[in-house]
Structure formats: C-alpha cells, structure tokens
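This text leads through one structure, from a pair of residues to the sheet and back to the aromatic rings. Please keep the sequence and the model in view while reading.

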Amino acid sequence: MASFNSISTDKLAKLLGTEKAPVIIDVRDDDDFAADPYLVPASFHRSHAGVRQWAELYRGQHVVALCQHGGKLSEGVAAWMRHAGGTAEILEGGIDAWREAELPLVPVASLPNADPSGGSVWVTRSRPKIDRIACPWLIRRFIDPRATFLYVTAAEVEAVGERFGATPFDIEGVFWSHRGEDCTFDTMVKEFRLSFPALEHVARIVRAADTDRCDLEPEAAGLLAVSLGLSRMYSDDLEQLEAGMTLYDALYRWARDATQEKHDWVSHGGKGKRT
C-alpha cells in the first residue's frame with residue numbers, strides 16, 4: 001500500500017518538464033549509486049548522511065526523495081526535510097520502480113564533468129534565437145534545474161568555458177552542437193536519453209525551425225516567428241531566456257496533452273442570431 005507521503009512514478013513523470021515539478025533528490029548510498037549510475041530526469045544526488053545540514057536549504061519547497069527501492073533512506077530524508085519545514089515525499093518503489101515503468105533515465109556519464117550534484121554551468125553565443133533558448137529550457141526542466149547559462153561573444157565561447165568551468169554548446173567543433181541534420185537540441189535529447197514522446201515531438205519542431213526546414217513540422221514556422229520576435233523584444237539575453245522558458249513550457253504541454261485538440265469559432269447565439 002502506498003505511503004501517505006509518497007508519489008507514484010506516473011505522477012512524477014507528469015510533473016517533469018513543468019514549472020510545478022518538485023525538487024528531486026537522489027539519496028542512494030554510494031555503493032548503490034556507483035552500481036547503477038543513472039538519474040531520474042531533473043534529479044541530482046546528495047548524501048543522505050548529511051541531510052541534517054542541507055535540509056534547511058529546501059524549506060518551503062516541494063521535494064521528492066528517492067533511493068534504490070523507496071525504503072529507509074528516502075523515508076528518512078523526507079522525514080528530516082518535513083521537520084525542516086519542507087513538503088517532502090518519497091518516490092514509490094525508488095529508482096527500481098522508475099526503471100520497471102520503462103521511463104527515461106539520464107546516464108551520469110553524459111553529464112558535464114560527470115557531476116551528479118547539479119549546478120552545472122553552460123556557455124554559448126549571445127543573441128540567441130532558437131537552439132540557444134530551447135537547450136537551456138531542456139537542461140533546466142529535465143537535467144539540472146540549478147544550471148547557469150552564460151551568453152558571450154561567439155569568438156570567446158570556448159575560452160570562457162575553459163577559464164570559468166563552463167560547458168560550451170551550440171557552436172561549431174564542440175560536443176554539444178549540431179550533428180548532421182540534427183540541431184543541438186536533438187543532440188541533448190539523444191545524449192541524455194530523454195525518450196519522452198512529447199519531448200521528441202518538440203525536438204522535431206525545434207530542428208525544423210532551427211535548420212530552416214519548416215516544412216518538416218507544421219508548428220515550426222510559428223516557433224521561428226515567435227523566437228525571432230522574442231529576440232527583438234529583449235536586448236538582455238537572460239531576460240529573453242526567462243521569457244523563452246514560458247514559450248517552451250507551453251510547447252511541451254501542447255505536445256504532451258493537446259495535439260489532437262482543435263479550435264474554431266463557434267457562435268453561441270444571442271439576440272442578433274438569425275434563424
């Protein structure tokens with residue numbers, strides 16, 4: 001029987017990719033984590049042993065703690081976090097249940113510097129249009145909610161990355177970039193193994209808009225138009241990114257829940273209606 005303070009894999013999967021997603025903390029012990037180096041999307045790893053010290057960081061937030069089987073480690077951490085003033089649940093069945101449900105898992109080896117603790121730093125060209133907004137959205141919603149993004153002069157992207165410990169993306173000659181007909185967003189979806197059908201649909205739209213092939217997906221021309229409009233509305237790249245987060249939140253929810261919904265004007269009558 002499910003615990004009162006627990007969340008199912010299906011419900012957690014529904015929250016992923018949305019603003020309402022909880023903070024997801026993987027508290028497996030070091031041996032279990034080393035034997036199974038994968039993360040539930042958007043989660044990060046912290047030692048359960050230090051929960052007394054770090055629980056206060058999540059006061060007032062909704063947290064889901066997970067361990068290997070959904071037992072003592074996640075139960076204990078969630079209890080400590082509630083004691084510290086947070087709203088905390090465990091993932092029913094832990095990462096084992098997530099895997100049994102055949103939901104995507106992110107390989108730790110794919111993370112920048114293979115760091116499972118979160119707080120990654122990324123760098124790309126300034127004045128973003130499509131990929132350079134879509135990719136940060138993807139990372140913050142599905143990989144690392146605490147990620148930082150730096151927008152700099154194109155010629156200095158790699159040098160800034162080297163000096164400031166940032167991972168370059170969406171420039172030529174780096175790992176996180178276009179590959180063949182794929183755009184950088186495609187590369188990230190594949191490398192992080194984010195095989196959510198709705199996200200793969202979004203990836204096709206982003207690819208079509210970003211590579212001037214709007215005929216590939218009906219929504220691509222609209223994404224291109226709105227992205228170019230945002231780039232002219234905002235002179236500050238980070239302000240544009242924040243506005244773009246809402247754009248991609250909406251596109252993802254459409255791809256997940258509303259692709260079959262149609263909209264047309266229908267008269268609801270009134271005094272002037274003809275018979």
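Trp54 is buried, and Tyr58 is buried too; buried stands for under 20% relative accessible area, exposed for over 50%, and partly exposed for what lies in between, with a 1.4 Å probe and protein chains only. The model is predicted, so local features need pLDDT of at least 70 and side-chain atom pairs count only at pLDDT 80 or more, while totals for chains, interfaces and linings use all residues. Residues are numbered from 1 along each chain as its sequence is written, and side-chain values use heavy atoms, with hydrogens and water left out.

The sheet comes next. It is open, has five strands in the order 1-6-5-2-4, and its pairing is parallel. At its edges stand strand 1 (6-7) and strand 4 (43-45), each with a single partner strand, so one side of each has no neighbour in the sheet. Helices (H or I, at least four residues) and strands (E, at least two) are DSSP runs numbered from the N terminus, and two strands pair if DSSP finds at least two bridges between them.

Strand 5 (residues 62-66) and strand 6 (residues 87-91) run parallel and are joined by four bridges. Within this pairing, Ala65 has Ile90 of strand 6 as its bridge partner, and Val63 stands opposite Ala88 in strand 6. Helix 4 (residues 72-83) packs on the sheet and touches strand 2 (23-26), strand 5 and strand 6, where contact means heavy atoms within 4.5 Å. The direction of helix 4 makes about 170 degrees with that of strand 6; axes are lines fitted to C-alpha atoms, for helices over the stretch in contact, and angles run from 0 to 180 degrees between N-to-C directions.

Strand 5, helix 4 and strand 6 together make a right-handed β-α-β unit. Right-handed means that, with the strands pointing away from the viewer, the path from the first strand over the helix to the second runs clockwise.

On its other pairing, strand 5 is joined to strand 2 by four bridges, and the two run parallel; here Ile24 has Val64 in strand 5 as its bridge partner. Why is strand 5 largely enclosed by the rest of the structure? Four of its five residues are buried, so little of strand 5 is left outside that enclosure. Strand 6 is mostly covered, with four of its five residues buried. Two bridges join strand 6 to strand 1, which runs parallel to it, and Ser6 stands opposite Ile90 in strand 6.

The aromatic rings remain. The whole structure holds eleven aromatic pairs; rings of Phe, Tyr and Trp (its six-membered ring) pair if their centres lie within 6.5 Å, and planes under 30 degrees apart count as stacked, over 60 as edge-to-face and the rest as tilted. Trp54 and Tyr58 have ring centres 6.1 Å apart and planes at 85 degrees, so this pair is edge-to-face. Phe175 and Trp176 also form an edge-to-face pair, at 4.9 Å centre to centre and 85 degrees between the planes. Trp176 is buried, with a relative accessible area of 6%, whereas Phe175 is partly exposed at 46%.
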